[in-house]
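Trainee: Please choose one part of this model and take me through it closely, with attention to the contacts between charged side chains. I would then like to see how that part sits within the whole chain.

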Amino acid sequence: MDHTLDATLDPIWDTVDRLNTWLDENRTLPAQQEVLLRILKLSEEVGEVAQAVVGATGQNPRKGHTHTWRDVESELCDVVLTAMVALRTLTPDAPEVFGAHLRKVTARSLSS
């Protein structure tokens, strides 16, 4: 089994863990409520991607072009990071859970 990708993601997961700890240290709600809200935060972030795409394509005639494709890239990164933090909030084994899932999807999608 190739674990090269896992090693590449290690520094990212270290950062995710630090962000999760920071959020935990600064939470104002009960832990279980924080878990749910971190998961719901994904919906907010996905909505911001949609808003950026609408703005980058100028699909709202009233507003015109309000975003760039770089804004869309940034918002997509927020979605990925928010999902990683939400997963880490659910389990301290987030890197392993994600790695196993990624390997499964890769095998299913890229097997020839």
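**A close look at helix α2**

Mentor: In this predicted model, a salt bridge joins the side chains of Lys41 and Glu45, with N and O 3.3 Å apart. Both residues belong to helix α2, where they stand 4 residues apart, about one turn of the helix. Glu45 is buried, because its relative accessible area is 6% and the limit for that class is under 20%. Salt bridges with shared partners also link Asp24, Glu34 and Arg38 into one network.

Lys41 forms a salt bridge with Glu44 as well, and here the closest N and O atoms are 2.8 Å apart. This pair again lies within helix α2, with a spacing of 3 residues, about one turn of the helix. Lys41 has a relative accessible area of 31%, so it is classed as partly exposed, between the limits of 20% and 50%. Glu44 is likewise partly exposed, because its relative accessibility is 41%. Lys41 thus has salt bridges to Glu44 and to Glu45; Glu44 is partly exposed, whereas Glu45 is buried. As a general point, side chains of opposite charge can pair when their charged atoms come close.

Within the network named above, the contact between Arg38 and Glu34 can be followed in detail. Their side chains meet in a salt bridge with an N to O distance of 3.8 Å. Arg38 and Glu34 both lie in helix α2, which covers residues 31-57, and they are 4 residues apart, about one turn of the helix. Both Arg38 and Glu34 are buried. Asp24 is the remaining member of this network. The structure as a whole holds 6 salt bridges, among them those just described.

The surface offers a contrast to these paired charges. Asp10, Asp14, Asp93 and Glu96 gather there in a patch of negative charge. Of these residues, Glu96 is found in helix α4, which runs over residues 94-110. The surface also carries a nonpolar patch, formed by Leu19, Trp22 and Leu81, with about 280 Å² of accessible area together. Leu19 belongs to helix α1, residues 4-25, while Leu81 has its place in helix α3, residues 69-90. Leu19 is partly exposed, because its relative accessibility is 30%. Leu81 falls into the class of partly exposed residues too, because its value is 35%. The C-alpha atoms of Leu19 and Arg88 are separated by 9.6 Å, although these positions lie 69 residues apart along the chain count.

It remains to place helix α2 in the whole chain. The chain has 4 helices and 0 strands, and from the N terminus on its elements follow the order α-α-α-α. The C-alpha trace spans about 50 × 50 × 20 Å along its principal axes. The radius of gyration is 17 Å, whereas a compact globule of 112 residues would have a value near 13 Å. Of the 112 residues, 21% count as buried. Arg38 and Glu34 are buried, as is Glu45, whereas Lys41 is partly exposed.

Conventions
Residues numbered from 1 in each chain as written. Predicted model: local features only at pLDDT ≥ 70, side-chain atom pairs only at ≥ 80, totals over all residues. Heavy atoms only, no water. Patch = residues over 30% accessible without salt bridge, like charges linked within 9 Å, V, L, I, M, F, W, Y side chains within 5 Å. Areas by Shrake-Rupley, 256 points an atom, 1.4 Å probe, with all protein chains shown as cover. Salt bridge = Lys/Arg side-chain N within 4 Å of Asp/Glu carboxyl O. Lys, Arg positive; Asp, Glu negative; His and termini not counted. Charge placed at Lys NZ, Arg CZ, Asp CG, Glu CD. Helix = DSSP H or I, 4+ residues; strand = E, 2+ residues; numbered from the N terminus. Rg over C-alpha atoms; globule rule 2.2 N^0.38 Å. Buried < 20%, exposed > 50% of the residue type's maximum accessible area, 1.4 Å probe, protein only.
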